[in-house]
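Please open the model in your viewer and keep the sequence panel beside it, since each stop on this tour begins with a selection.

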Amino acid sequence: MDTPEQPQIYLITPPTVALSTFPDQLARVLDCADIACIRLALAGNDEDTISRSADACREVAHARDVALVISNHVLLAQKLGLDGVHLDDAARSVRAARKELGPDAIVGSFCGTSSHDGMTAGEAGVDYVAFGPVGKSSLGDGTLAEKDLFQWWSEMIEVPVVAEGGLTPELIRDLSPCTDFFGIGDEIWSSDDPSGALNTLLANMP
């Protein structure tokens with residue numbers, strides 16, 4: 001994933017998606033804003049449910065040339081023709097996922113608030129590291145990833161960084177200079193108008 005000057009949007013799906021409505025909703029969001037990547041972040045391990053959701057989202061994403069990665073299911077990423085995997089266990093699975101998926105797949109890692117885990121993941125070959133939550137969110141153990149972590153990372157480390165979890169217009173304004181991506185999910189899907197909610201958030205980028 002390229003890292004231009006202004007942060008890009010990394011869209012995170014809800015934990016459960018209704019196949020009758022979500023693909024259309026996703027298409028509208030993709031058509032209203034420039035999205036760099038989508039993470040299929042589904043709850044549970046039911047392979048059939050995940051596969052059907054992934055197929056529907058992949059069709060929408062790939063028609064618009066947007067990459068789609070899946071949370072944690074390395075083997076399903078391969079089987080379903082997705083673009084890679086997002087790992088929730090800091091640096092622990094990165095090497096295995098990279099070996100399984102090959103050099104061209106996207107492999108990302110959520111590292112909570114730990115710069116040490118982030119650096120370990122970077123050394124293991126990730127394409128990006130995600131820190132969070134940055135605001136009030138159920139992500140991780142609730143410990144906030146502060147702005148100085150992103151500032152330090154953006155100055156010292158070349159691996160692209162994602163800020164996610166509890167984003168607000170104020171946080172987007174504050175973190176824009178020191179993050180490469182904003183991971184946006186609940187912030188818009190809880191709204192009746194996800195596209196409008198996304199545009200409201202994006203209006204706060206400097």
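Is Gly-142 buried or exposed, or does it fall in between? Bear in mind while looking that this is a predicted model. With a relative accessible area of 35%, Gly-142 is partly exposed, because the buried class ends at 20% and the exposed class begins over 50%.

**The loop around Gly-142**

Keep Gly-142 selected and follow the chain to either side, where you will see that this glycine lies in the loop between β6 (128–131) and α6 (147–156). If you set aside the neighbours within four places in sequence, the contacts of Gly-142 are with Pro-133 and Ser-137. A distance label drawn from the C-alpha of Gly-142 to that of Thr-113 should read 9.8 Å, although 29 residues separate the two in sequence.

Select Pro-133 next, which belongs to the loop between β6 and α6, and look at the peptide bond that joins Gly-132 to Pro-133: this bond is cis, with omega about 0°. As background, most peptide bonds are trans, and most residues other than glycine have a negative phi.

**Two residues with positive phi**

The second part of that background can be followed at two further places. Select Asp-65, in the loop between α2 and β3, where phi is positive at about 60° although the residue is not a glycine. Asp-65 counts as exposed, at 73% relative accessibility. Then move to Asn-72, in the loop between β3 and α3 (74–79), which also is not a glycine and has a positive phi, near 70°. Asn-72 counts as partly exposed, at 37% relative accessibility.

**The barrel**

Now switch to a cartoon view and colour the strands. Here 8 strands close into a barrel in the order β1-β2-β3-β4-β5-β6-β7-β8, with parallel pairing, and the twist from one strand to the next averages 25°. On this sheet packs helix α2 (residues 47–63), which touches β2 (35–40) and β3 (67–71) and whose direction makes about 160° with that of β3.

**Strand β8 and its partners**

Which residues cover the two faces of strand β8? Select residues 181–184 and show their side chains: Phe-181 and Gly-183 lie on one side, Phe-182 and Ile-184 on the other, and all of them are buried. In general, the side chains of a regular strand alternate between the two faces of the sheet.

Add strand β1 (residues 8–12), which runs parallel to β8 and is joined to it by 4 bridges. Within this pairing, Gln-8 has Phe-181 as its bridge partner, while Leu-11 has Ile-184. Add also strand β7 (residues 161–164), which is parallel to β8 and joined to it by 3 bridges; there Val-162 stands opposite Phe-181. If you then include helix α7 (residues 169–175), you will have the whole of a right-handed β-α-β unit, made by β7, α7 and β8.

**Helices α1 and α9**

For the last stop, select helix α1 (residues 22–32) together with helix α9 (residues 194–202), whose axes come within 9 Å and cross at roughly 30°. That angle is under 35 degrees, which makes α1 roughly parallel to α9. The crossing in which α1 passes α9 is right-handed. To see the contact itself, show Gln-25, Arg-28, Val-29 and Cys-32 of α1 and, facing them, Pro-194, Ser-195, Leu-198 and Asn-199 of α9.

Methods. Residues are numbered from 1 along each chain as its sequence is written. This is a predicted model: local features need pLDDT of at least 70, side-chain atom pairs count only at pLDDT 80 or more; totals for chains, interfaces and linings use all residues. Side-chain values use heavy atoms; hydrogens and water are left out. Buried means under 20% relative accessible area, exposed over 50%, partly exposed in between (1.4 Å probe, protein chains only). Two strands pair if DSSP finds at least two bridges between them. A crossover is right-handed if, with the strands pointing away from the viewer, the path from the first strand over the helix to the second runs clockwise. Axes are lines fitted to C-alpha atoms, for helices over the stretch in contact, and angles run from 0 to 180 degrees between N-to-C directions. Angles under 35 degrees count as roughly parallel, over 145 as roughly antiparallel, 65 to 115 as roughly perpendicular and the rest as oblique. A crossing is left-handed if the near helix is turned anticlockwise from the far one by less than a right angle, and right-handed if clockwise. Contact means heavy atoms within 4.5 Å.
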